[in-house]
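Here are some notes to read alongside the model, set out as numbered points. They take up a loop residue, an annotated position and a pair of helices.

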Amino acid sequence: MADLEHLKKEAAERAAALVTSGMRVGLGTGSTAKYAIEAIGRRFQAGELSGVVGVATSEASDVLARSFGLPIEALDPRPLDIAIDGADEIDPQLNLIKGLGGALLREKLTEVQARRLVIIADHTKLVTRLGEKAPLPVEIARFGFLSTIERLRALGLGGRLRQPGAQPYLTDNGNYIFDAQLPEQFDAAALERTLKGTLGVIETGFFLGMAERAFVAAPDGVQELVRPD
Ligand SMILES: O=C[C@H](O)[C@H](O)[C@H](O)COP(=O)(O)O
C-alpha cells in the first residue's frame, strides 16, 4: 500500500474505534472516509458492534456501507452520535475545506447534526490558512449556472467550473461545482455568509467550527488534534 494510503487507513482506524454499539453514525465520503467505513463494517461483521445505524453522505458511501451489511437510514432530524469524515484542508482551529470529492452538501447536512464530528486525514491536509492548497468547492444550481459564476466572479473569486471531461461534474444532488480560488486574506465566516446569500449558490465547502477533533497521520505517528475553545 502506498505510504499515503497507509496513513489514511491508520487515521481512519483511530476514529472508527470511537464507534460503539447502538450509535447512529454519519459516514463520510472520499478515499480516507472509505477506510473508516471499512473498519466499522469489519467490526460490525465480527459481531463487535451491534445496533449501529449509518447515515451515508454519498451514494458511494451508501453502497460501501451496505456491502458490509451495515443498516443505513436516511437523514432525519434526530442527532447523530458521531460523524467521521475526511477533509481537503484543516487549519489550526480545525476549520475545514471539504468537497473536492463532490459530497459537500450531504456531508454538511449530515455532520451539522452530529454530536461529534471527527476528521481523519494524512498530514498533507494540514494548512496554516484555508485556501493555501485547495480551492473552495461551491455547489451551485445547474439552471443559470453561468450567471451564478458571474456573481461569484463579481465577489472577486477566481476559479472554474469543475469539468473533468466533456460535461461538468454532477453532484449526487444533480448540481454543479465551482472550485473557487480564495484570496490570500479573507474572513472565512464573512465569505461563507456572502456566498450563502448569493443567488444560485447551494452550499460551500467551508466547515467552520464543526469538527471536534481530527486524527492526522504522519510517518512518525497519528496526531490527535482537538478544536481549541
Ligand atoms: O467531497 C468529498 C469530501 O469532502 C472528502 O471528505 C474530502 O474531499 C477528502 O477526501 P479524501 O479523503 O479522498 O482526500
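1. Strands, like helices, are taken here as DSSP runs, with at least two residues for a strand (E) and at least four for a helix (H or I), and they are numbered from the N terminus. The model under discussion is a predicted one. On that basis, leucine 94 falls in the loop that links strand S4 (89-90) to strand S5 (96-97).

2. The backbone at leucine 94 deserves a look, since this residue is not a glycine and yet has a positive phi of about 65 degrees. Is leucine 94 buried or exposed? Leucine 94 counts as buried because it has 21 C-beta neighbours inside 10 Å, the cut-off for a buried residue being 20 or more.

3. UniProt, in an unreviewed entry, places the feature "active site" at Glu107, a residue that belongs to helix H4 (residues 104-111). Glutamate 107 has 32 other C-beta atoms within 10 Å and is therefore buried. Leaving aside residues up to four places away in sequence, glutamate 107 touches Gly28, Thr29, Thr57, Asp85 and Lys98.

4. Helix H2 (residues 33-45) and helix H3 (residues 59-67) have axes that come within 9 Å and cross at roughly 25 degrees, so H2 is roughly parallel to H3, angles under 35 degrees being counted in that way. The crossing in which H2 passes H3 is right-handed.

5. On the H2 side this contact is made by Ala33, Lys34, Ile37 and Gly41, and on the H3 side by Ser61, Leu64 and Ala65. Sorted by class, the contact of H2 with H3 has 4 nonpolar, 2 polar and 1 charged residues.

Terms used:
Residues numbered from 1 in each chain as written. Predicted model: local features only at pLDDT ≥ 70, side-chain atom pairs only at ≥ 80, totals over all residues. Axes fitted to C-alpha atoms, helices over the stretch in contact; angles between N-to-C directions. Parallel < 35°, antiparallel > 145°, perpendicular 65-115°, else oblique. Left-handed = near helix turned anticlockwise from the far one by under 90°. Contact = placed C-beta atoms within 7 Å. Nonpolar A, V, L, I, M, F, W, Y, C, P; charged D, E, K, R; others polar. UniProt positions renumbered as here; feature names shortened; annotations may be inferred. Buried ≥ 20, exposed ≤ 12 C-beta atoms within 10 Å, placed from the backbone.
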